[in-house]
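Grab a pencil and try a few short exercises. Each one comes with a solution worked out step by step.

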Amino acid sequence: MSKLLNSQQCLKALKYLRNENNTDKLINILCDVIEYAYLADNRPWIIGYSGGKDSTTVCHLVFETLIRLKNRNIKLHKPVYIVSSDTLVENPLVLNYLKTTSDLMSQSAEQLGLPIFADIVKPELQDTFWTCVIGKGYPTPKSIGYRWCTDRLKINPSNKYIKEKIKEN
């Protein structure tokens with residue numbers, strides 16, 4: 001790992017690299033930063049994965065970084081959990097994509113000997129969309145003012161998963 005840069009230097013370097021289309025250099029710098037963070041402590045990592053471009057990029061960079069560490073015989077000392085949310089009201093195409101990519105990440109990590117595990121969380125029965133709308137009479141989420149569904153369908157299941165993984169480690 002090269003010497004650490006302060007935040008202003010990092011922003012300047014990233015801007016330069018992006019403008020100069022130096023993608024390989026940019027990826028190396030990002031992997032260096034991820035490597036530094038990974039080696040800094042023993043706390044497990046949990047990455048939120050939606051299947052979008054941002055979370056896919058983060059997962060790819062973490063894979064690349066752990067492969068680099070392994071190739072340099074540096075011990076991969078902590079697990080990385082990649083967690084997605086199935087709200088149980090997802091578009092079937094989106095859900096299929098999430099399941100497929102999560103399975104592929106888990107299989108690839110196992111084949112490569114990386115401590116990366118991908119899981120999909122779901123809300124508890126009492127917190128599902130239809131239980132809340134039909135069973136409890138909650139209004140369907142129409143405005144930003146009352147978005148009960150995000151907490152119950154995504155945040156609470158993710159928090160429960162995080163607490164379980166922290167307890168295991």
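Below are three exercises on rings and cysteines.

This is a predicted model, where local features need pLDDT of at least 70, side-chain atom pairs count only at pLDDT 80 or more, and totals for chains, interfaces and linings use all residues. Residues are numbered from 1 along each chain as its sequence is written, and side-chain values use heavy atoms, with hydrogens and water left out.

**Exercise 1.** Work out how the rings of Tyr-38 and Trp-45 are arranged.

*Solution.*
- Start with the rule: rings of Phe, Tyr and Trp (its six-membered ring) pair if their centres lie within 6.5 Å; planes under 30 degrees apart count as stacked, over 60 as edge-to-face and the rest as tilted.
- Now the numbers: the centres are 5.5 Å apart and the planes stand at 90°, so Tyr-38 and Trp-45 pair edge-to-face.

**Exercise 2.** Find out which parts of the chain Tyr-81 and Tyr-161 link.

*Solution.*
- Check the pair: with centres 6.2 Å apart and planes at 85°, the rings of Tyr-81 and Tyr-161 are edge-to-face.
- Then place them: Tyr-81 is in strand β2 (residues 80-85) and Tyr-161 in helix α6 (residues 148-168), 80 residues apart. Helices (H or I, at least four residues) and strands (E, at least two) are DSSP runs, numbered from the N terminus.
- Finally, Phe-117 joins Tyr-81 and Tyr-161 in one aromatic cluster.

**Exercise 3.** How many disulfides are there?

*Solution.*
- A disulfide needs two cysteine sulfur atoms within 2.5 Å.
- Searching the whole structure turns up 0.
- Take Cys-149: its nearest cysteine sulfur belongs to Cys-132, 9.3 Å away.
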